[in-house]
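Student: Please take me through a protein-DNA model feature by feature. Give the general idea of each before the case at hand.

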Protein chains: 2
Amino acid sequence: MTIKEVSEKYGLSKDTLRYYEKEGLIGPVAKGKNNQREYQEENLNQIEFIKCMRSINMPIAKLKTYMNLYAQGPSTLDSRKEILENQLDAINIQLDDLKKAKERLLKKIELYNQEKSKKSH
Amino acid sequence: MTIKEVSEKYGLSKDTLRYYEKEGLIGPVAKGKNNQREYQEENLNQIEFIKCMRSINMPIAKLKTYMNLYAQGPSTLDSRKEILENQLDAINIQLDDLKKAKERLLKKIELYNQEKSKKSH
DNA sequence: ATAACACTTGAAGTGTACTTTAAGTCAAGT
DNA sequence: ACTTGACTTAAAGTACACTTCAAGTGTTAT
């Protein structure tokens, strides 16, 4: 797959894909005849994982650490698991914040609706 | 309440409090004899709301818009409600992303555990 | 009274995550 | 032959949300 195809498939700009590779989040991606990137299955899996983790604001630096460990093979299983578990904690905190904020907004919107119905009567 | 007390109460640095005020997210806060800030009840309510919204990454610019409308009085009720409703949509998207990521991490961690138990047998 | 400390201001600096630019290579279309 | 378009690189630029700095004023403790 070319960078353009990957870009379109995952909704990441070509620049972002090259940036992720340079930072070591993916790749290195194999280059074809014209020195152009040819993304392989494994690259795509990594990209999907990264996209998912970035959607919840896992920092680039942590993903980088994780991917470096991954590249180092099975001896790093424990460290990798630890990173994932930490990330899970972060997710639970975020879920909590979101639920609190949602509650608050729903109440506030309810109040606005009451204000309005008052006016119209 | 002094800026120091507010800072400690809400876990926001004094600089951040002044920054929020400068950006128009709160205040203007009344100044006492020594040109020092004296936070009032309303300021505290605003700070709490802002803290909650910032915890879920509502952008400063949107909060600013919202707070400006608020300061303009009841004629802006509809616009304010719209902002809150948009923010609610954003929250639901984030909740979705988080749940997906959580699922994925739980599965991945499970796999790591399986790898480990394989090794130990 | 003279440090030590808390505050004030505006402006410059920082970290994160991209994004854009500049300068170049390569292949296809007219 | 030549332009158009997609790609390559490294480096500089941008946006956001603070954070730190520099320079100054005022209050409190010894």
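**Helix packing**

Tutor: Helices H1(A) and H2(A) are roughly perpendicular to each other; that label covers angles of 65 to 115 degrees, with under 35 counted as roughly parallel, over 145 as roughly antiparallel and the rest as oblique. This is a predicted model, in which local features need pLDDT of at least 70 and side-chain atom pairs 80 or more, while totals for chains, interfaces and linings use all residues. Residues are numbered from 1 along each chain as written, chains are lettered from A and ligands numbered from 1 in written order, and side-chain values use heavy atoms, without hydrogens and water.

Student: At what angle do H1(A) and H2(A) pack, and how far apart are their axes?

Tutor: Two packed helices are described by the angle between their axes and the distance between the axes. Axes are lines fitted to C-alpha atoms, for helices over the stretch in contact, and angles run from 0 to 180 degrees between N-to-C directions. Helix H1 (residues 3-10) of chain A meets H2(A) at about 105°, and the axes are 9 Å apart. Helices are DSSP runs of H or I with at least four residues, strands runs of E with at least two, numbered from the N terminus.

Student: Which residues make that contact?

Tutor: Contact means heavy atoms within 4.5 Å. H1(A) supplies Ile3(A), Lys4(A), Val6(A) and Ser7(A), and H2(A) supplies Lys14(A), Leu17(A) and Arg18(A). They divide into three nonpolar, one polar and three charged; Ala, Val, Leu, Ile, Met, Phe, Trp, Tyr, Cys and Pro count as nonpolar, Asp, Glu, Lys and Arg as charged, and the others, Gly among them, as polar.

Student: What turn and shift lay chain B on chain A?

Tutor: Copies are superposed by least squares on C-alpha atoms of residues with pLDDT of at least 70 in both. A turn of 180° with a shift of 0.0 Å along the axis lays chain B on chain A with an RMSD of 0.1 Å. That is the relation of a two-fold axis. In chain B, the C-alpha of Leu95(B) is nearest the axis, at 3.3 Å. Both copies use the same surface, since 100% of the contact residues of chain B recur in chain A.

Student: Which residues come nearest to DNA strand C?

Tutor: A residue is near a strand if one of its heavy atoms lies within 4 Å of it. Of the 17 residues around DNA strand C, Asp15(A), Asn34(A), Lys14(B), Arg18(B) and Arg37(B) come nearest. Sugar and phosphate make up 84% of the strand C atoms within 4 Å of the protein.

Student: Which polar side-chain atom lies 2.8 Å from a phosphate oxygen of DNA strand C?

Tutor: A polar contact is a pair of N or O atoms within 3.5 Å; within protein, one must be able to donate a hydrogen and the other to accept it, and sequence neighbours count only if both atoms are side-chain atoms. The atom belongs to Arg54(A). For Tyr20(A) the distance is 3.1 Å, and a backbone N or O atom of Ile60(A) lies 3.2 Å from such an oxygen. H2(A) gives the most to this surface, with four residues.

Student: What does the surface near DNA strand D look like, by residue class?

Tutor: The residues there divide into five nonpolar, five polar and seven charged. H2(B) gives the most, with four residues. The closest of the 17 surrounding residues are Lys14(A), Arg18(A), Asp15(B), Asn34(B) and Arg54(B). The side chain of Arg54(B) has an N or O atom 2.8 Å from a phosphate oxygen of strand D; for Lys31(A) the distance is 3.0 Å.
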